[in-house]
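Hi,

Here is the structure I promised to pass on. Have a look at it first, and then read on for my notes.

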Amino acid sequence: MKKKVLIVDDEISIGLLLSKFLTKNGFEVSNVTTGKTVLQILEKERFDLVLCDYRLDDTDGKEILIHIKENYPATGVIIITGYSDIKLAVELIKLGAFDYIVKPLYPDEILNTINKALEAQEDLKPPQNFEHAGGQPIPDFQDCPEYINGASDASALLLKQIQLIAPTGYTVILTGKSGTGKECVAKTIHLNSSRGKEPFIAMDCGSLTKDLAASEFFGHEKGAFTGAAFTKIGHFEQANGGTLFLDEIGNLSYEIQATLLRAVQERKIKRIGSTKEIDLGVRLIVATNENLVESIRKGAFREDLYHRFNEFSIHVPSLKHRGNDILIFAEHFLATVNKELNKNIEGFSDEVKQCLLAYNWPGNVRELKNVIRRTALLTDGDRIETHVLPLELGMSDYPKTEQEKKTLVFQRELNNVKSFDLRNAAKEAEYTAILEVLKAVNFNKTKAAKILNIDRKTLYNKIKFVEIDDGV
């Protein structure tokens, strides 16, 4: 089968020359001239490789690269530019580009680079005898009970990467939107490593303050500071011998990052108030829904800490990019809920399946799980029908952007507390204020809590009945 290559260049003559050359060498080639067209064609068609000029009229190659790596990780990317810039080249490689070619273009160089890129992408694909969801796991691979493997290319690539990295001791960065299951991926890596029988400790870095960070990371001795009424074992020490999973790593303050860097570099810690050093034999897996390279550029994340973490990176794809996996996951959650509720619901109507596949799933796998639990609870028959679906899943003219969707759901739930008594009027005003702040910070709950001058837990409790699950 011919490999499919997409050429992106706003110079039509160059695009045509490359297209003719690659077609002659056995590739199936498509040409576009704008970033907007790239996004449109990628939604309809899959490519093995994208050959993209860095400077375009409406965007640049970096933005296209980031979009492809986040949404189509199985597609390789090569960037072409008219000038040599080592710093830019390094940045593009870090973001996932296979290579960076400087004009003028030489046919042999292009062909050689393309073939190497395709070989590299092929190495990440699962072996041909690998069985997807419903089949048997590969030999010596232990499933995590919370990890669900799908049948899509994105799921196959994800599992292959887990298989590759699990037996090593590498530190791993997991990227992806909130709710995609990064902690489940981390647990699966842990279970399939030599540390699988040792502790797996998960830590939410998003809620850490500067004063608490050292104690949470490293622990403290009794009497080490005011309020230290007992000796506390920190997360690093709890995970010693096993795996420490640090979630929302991008939310750590710069000062906390410096403290963490020393521990990662030296592989030793001291509890607060102690002079005794404790040797660390812990594997680190960190997760973020932010672009850490962009955070480094803005001065919000330490580059040296990033490189300590980035021995290997895995992107956990969004649910909307996993095709019919949505139905596989839905069936899995339904089986689980049947046991919880002592029901025997057999499945979903065809209309419900269509709604599940058409919806954008801003809250990803976590949101899908919540929807299945709620619809199963409301179902009396043997199939889940459309009348028990949440409003947003059944709306054909539902807003397109994630923020519009979150706002609509929040406002719908807000209407549920409206009445004419003073108590509910106060509650409505409170939730309206919360909504406005969430919209202003693009639904980043950590930032919203700071602006509202409440802690994250309080904010979560106030909106827990709302299906805004994208940042939890």
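How many strands form the open sheet, and in what order? There are 5, arranged as β2-β1-β3-β4-β5, and the pairing is parallel. Before you go further, keep in mind that this is a predicted model.

The edges of that sheet are β2 (28–32) and β5 (99–102). Each has a single partner strand, so one side of each is left without a neighbour in the sheet. From one strand to the next, the twist averages 20°.

Helix α1 packs on this sheet, where it touches β1 (4–8), β2, β3 and β4. Its direction makes about 175° with that of β2.

Now for the strands inside the sheet. β1 and β2 run parallel and are joined by 5 bridges. If you want a landmark for that pair, find K4, whose bridge partner in β2 is E28. β1 itself is mostly covered, with 5 of its 5 residues buried. K4, L6 and V8 point one way from the strand, while V5 and I7 point the other way. Yes, that puts K4, a lysine, on the buried list.

β3 (residues 49–53) and β4 (residues 76–81) also pair in the parallel sense, over 5 bridges. Here the landmark is V50, which stands opposite V77 in β4. And how much of β4 is buried? The count is 6 of the 6 residues, so β4 is largely enclosed by the rest of the structure. G76, I78 and I80 point one way from β4, and V77, I79 and T81 point the other way.

Back to α1, which is worth colouring by burial. The helix covers residues 12–24, 13 residues in total. From first C-alpha to last it reaches 18 Å, close to the 18 Å expected at 1.5 Å a residue. Which of its residues are buried? They are I14, G15, L18, S19 and L22. These cover an arc of only 130° around the axis, which puts them on the same side of α1. The spacing makes sense if you recall that an α-helix has 3.6 residues a turn, so residues three or four places apart point the same way. On the other side of α1 you will find I12, L16, L17, K20 and K24 exposed. Notice that I12, L16 and L17 are on that exposed list along with the two lysines, K20 and K24. After the helix comes G26, with a positive phi near 95°.

A few backbone oddities next:

- The peptide bond from K103 to P104 is cis, with omega near 5°. P104 is in the loop between β5 and α5 (107–123).
- R267 is not a glycine, yet has a positive phi of about 55°. It sits in the loop between α10 (254–266) and β11 (268–269), and at 29% relative accessibility R267 counts as partly exposed.
- N342 is another non-glycine with a positive phi of about 55°. Look for N342 in the loop between α13 (325–341) and β15. At 72% relative accessibility, N342 counts as exposed.

Two more loop residues caught my eye. Is S349, in the loop between β15 (347–348) and α14 (350–358), buried or exposed? S349 has 5% relative accessibility, so it counts as buried. Its side chain makes a polar contact of 3.3 Å with the side chain of E385. Setting aside residues up to four places away in sequence, S349 touches R383, I384, E385 and T386.

The other one is K222, in the loop between β8 (219–220) and β9 (232–233). With 60% relative accessibility, K222 counts as exposed. K222 and K232 are 10 residues apart in sequence, and their C-alpha atoms are 7.6 Å apart in space. Beyond its neighbours within four places in sequence, K222 is in contact with A228, A229, F230 and T231.

That's what I have for now.

Cheers

How values were computed. Residues are numbered from 1 along each chain as its sequence is written. This is a predicted model: local features need pLDDT of at least 70, side-chain atom pairs count only at pLDDT 80 or more; totals for chains, interfaces and linings use all residues. Side-chain values use heavy atoms; hydrogens and water are left out. Buried means under 20% relative accessible area, exposed over 50%, partly exposed in between (1.4 Å probe, protein chains only). A polar contact is a pair of N or O atoms within 3.5 Å; within protein, one must be able to donate a hydrogen and the other to accept it, and residues adjacent in sequence count only if both atoms are side-chain atoms. Contact means heavy atoms within 4.5 Å. Helices (H or I, at least four residues) and strands (E, at least two) are DSSP runs, numbered from the N terminus. The expected span of a helix is 1.5 Å times one less than its number of residues. The arc is that of the directions from the helix axis to the C-beta atoms. Two strands pair if DSSP finds at least two bridges between them. Axes are lines fitted to C-alpha atoms, for helices over the stretch in contact, and angles run from 0 to 180 degrees between N-to-C directions.
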